[in-house]
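Please take a moment to look over the sequence and the fold below before reading on. The paragraphs that follow move from a strand and its sheet to a few residues in the loops.

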Amino acid sequence: MTDSSNYIPPKVWRWNQANGGRFANINRPISGPTHDQALPVGLHPLQLYSLATPNGVKVTVMLEELLALGHGGAEYDAWLIKIGDGDQFGSGFVGVNPNSKIPALLDRSGPQPIRIFESGAILLYLAEKFGVFLPTEAGARAECLSWLFWQVGSAPFLGGGFGHFYAYAPTKIEYAIDRFAMESKRQLDVLDKQLANNEYVTGDQYTIADMAIWPWYGVLAKGELYEAAEFLQVHEYKHLQRWADTVGARTAVQRGRMVNRVFGDPTSQLHERHDAADFATKTQDKLTDSL
């Protein structure tokens, strides 16, 4: 790898497969499948193919919130997609999401399956399908959608920008870390000021905007993302901290975080979810103990 201080971009970029970094084995400059692999299909109307990254957690939280309200049509099978192993490049997954990113959802409740990809689109689809967590009054709806898409547009600076260069890049580049740390703290300040006068992000109602923002910024505020709490001084954002605790205390949020989770305490890992009873019987500690 070229010393970043001496690097001069060539006239034409070429793919260097040995460029290092945590995700070097799955990064490539082309799309499409790398292998044939059909997706499993369970018994429920909704089939989710995902992993408990922040984007994946958004959707499992939404589904658990829907079930908590009694929406039986939101029952779902959650299948684990191991992105480190390249499952997202299987032909079946690419058929659901041509962008090869988790999460991806198939709604099989109608005569023809409907595919939905991109986490923000999935949240919006489910909110409209079930008629909850998205205000109907024009002004409140616009505010909710504005914050939903604020998250969609802002999180890449936090994840692909700050998170990558601070935690995952093979070399520490001061300029890159400084640039994205500055932007991440600006975003935290935006949220903190919004939450100074609002119980939830858009007001007094809990919405899909909260579900989209919390797995990224709420988890970051509680020191659980990139081990960057001290570096970013997240404790300074008092209103964000209050909101992060409020949302994190919801039972559906706690359950949603467990689904497709493959890291952390084994009691918090439910690799696949096919029934509500799985939370009590099929977490990794239970499966390990039964071996």
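A residue is called buried when its relative accessible area is under 20%, exposed when it is over 50%, and partly exposed in between, as judged with a 1.4 Å probe on protein chains only. Helices (H or I, at least four residues) and strands (E, at least two) are DSSP runs that are numbered from the N terminus. This is a predicted model, in which local features need pLDDT of at least 70 and side-chain atom pairs count only at pLDDT 80 or more, while totals for chains, interfaces and linings use all residues. Residues are numbered from 1 along each chain as its sequence is written, and side-chain values use heavy atoms, with hydrogens and water left out.

With these terms in hand, we can begin at strand β2, residues 76–80. Five of the five residues of β2 are buried, so the strand is largely enclosed by the rest of the structure. Both of its faces are covered, since Tyr76, Ala78 and Leu80 are buried on one side, and Asp77 and Trp79 are buried on the other.

Strand β2 does not stand alone: two strands pair if DSSP finds at least two bridges between them, and five bridges join β2 to strand β1 (residues 46–50), the two running parallel. Within this pairing, Leu48 has Ala78 of β2 as its bridge partner. Together with helix α1 (residues 54–68), the strands β1 and β2 make a right-handed β-α-β unit; right-handed here means that, with the strands pointing away from the viewer, the path from the first strand over the helix to the second runs clockwise.

The wider sheet is open and has four strands in the order β2-β1-β3-β4, with mixed pairing. Because β2 and β4 (114–117) stand at the edges with a single partner strand each, one side of each is left without a neighbour in the sheet. Neighbouring strands of this sheet are turned by 20° against each other on average, direction ignored, where axes are lines fitted to C-alpha atoms, for helices over the stretch in contact (heavy atoms within 4.5 Å), and angles run from 0 to 180 degrees between N-to-C directions. Helix α1 lies across β1 and β2, at about 150° to β1, whereas helix α3 (residues 119–130) lies across β1, β3 and β4, at about 130° to β4.

Now to the loops. Most residues other than glycine have a negative phi, and most peptide bonds are trans. In the loop between α2 and β3, Ser100 has a positive phi of about 55° although it is not a glycine, and Ser100 is buried, with a relative accessible area of 6%. Pro103 lies in the loop between α2 (91–96) and β3 (104–107), and the peptide bond from Ile102 to Pro103 is cis, with omega near 0°.

Is Glu227, in turn, buried or exposed? Glu227, in the loop between α6 (208–221) and α7 (229–232), has a positive phi of about 50°, and at 75% relative accessibility it counts as exposed. Ala228 also lies in the loop between α6 and α7, but Ala228 is buried, with a relative accessible area of 0%. Leaving aside its neighbours within four places in sequence, Ala228 is in contact with Phe162 and Tyr166.
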